[in-house]
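This report concerns a single buried position and the sheet and helix around it. Please consult the sequence and the structure shown here.

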Amino acid sequence: MAGDLPDYYFRIRENGAAVFRVDTENRQRRIEMDQIAVVNVKNGEIKPQGDRKLSPEDMATIRDWLEARRALLARRDVDDILRAVDHLNLTTQWAQSKATDAQLEDVTDALLLAMHDLRSVLVRKKSERVLASQGDKATGSS
């Protein structure tokens, strides 16, 4: 089993991860994890642990992980939004076919305000994209 382990382990934290070097080549043949750094996904900051100096291999591995993590989180964001679309559709069906007057009274104002806010943001962002694409076409850039 020890031979199958990666050289690094990333313990996910709220805004990134604690980075450990995995060592299985010790006298006791135990798995040892030595924390070597902390990485922040939001700002890309990599802080060595204590007075440690990170090797070029450490930095390359951490940067690769950071890039992959950011891509994963971006995919999850889109997936969450697509799930929200599904929930909106299910909510519409519920309101049309199952909801009682009392239930509708409990949720209508909150839903209408949230949907109005979302619609306002989406319309503004769509307009900005259309105007930007028209500006790109006028200047000949893509």
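Asp-58 counts as buried because its relative accessibility is 1%, where buried means under 20% relative accessible area, exposed over 50% and partly exposed in between, with a 1.4 Å probe and protein chains only. The model is predicted: local features need pLDDT of at least 70, side-chain atom pairs count only at pLDDT 80 or more, and totals for chains, interfaces and linings use all residues. Residues are numbered from 1 along each chain as its sequence is written, and side-chain values use heavy atoms, with hydrogens and water left out.

Asp-58 is placed in helix H1, residues 56-97. Helices (H or I, at least four residues) and strands (E, at least two) are DSSP runs numbered from the N terminus. Setting aside neighbours within four places in sequence, Asp-58 is in contact with Tyr-8, Arg-21, Ile-36 and Lys-53; contact means heavy atoms within 4.5 Å.

The sheet is open, with 4 strands in the order E1-E2-E3-E4 and antiparallel pairing. Two strands pair if DSSP finds at least two bridges between them. Its edge strands, each pairing on one side only, are listed below.

| Edge strand | Residues |
|---|---|
| E1 | 8-13 |
| E4 | 46-48 |

From one strand to the next, the twist averages 30°. Angles run from 0 to 180 degrees between N-to-C directions, and axes are lines fitted to C-alpha atoms, for helices over the stretch in contact. Strands E2 (residues 16-23) and E3 (residues 32-40) are joined by 8 bridges, and Val-19 stands opposite Ala-37 in E3. Helix H1 lies across E1, E2, E3 and E4, at about 45° to E1.
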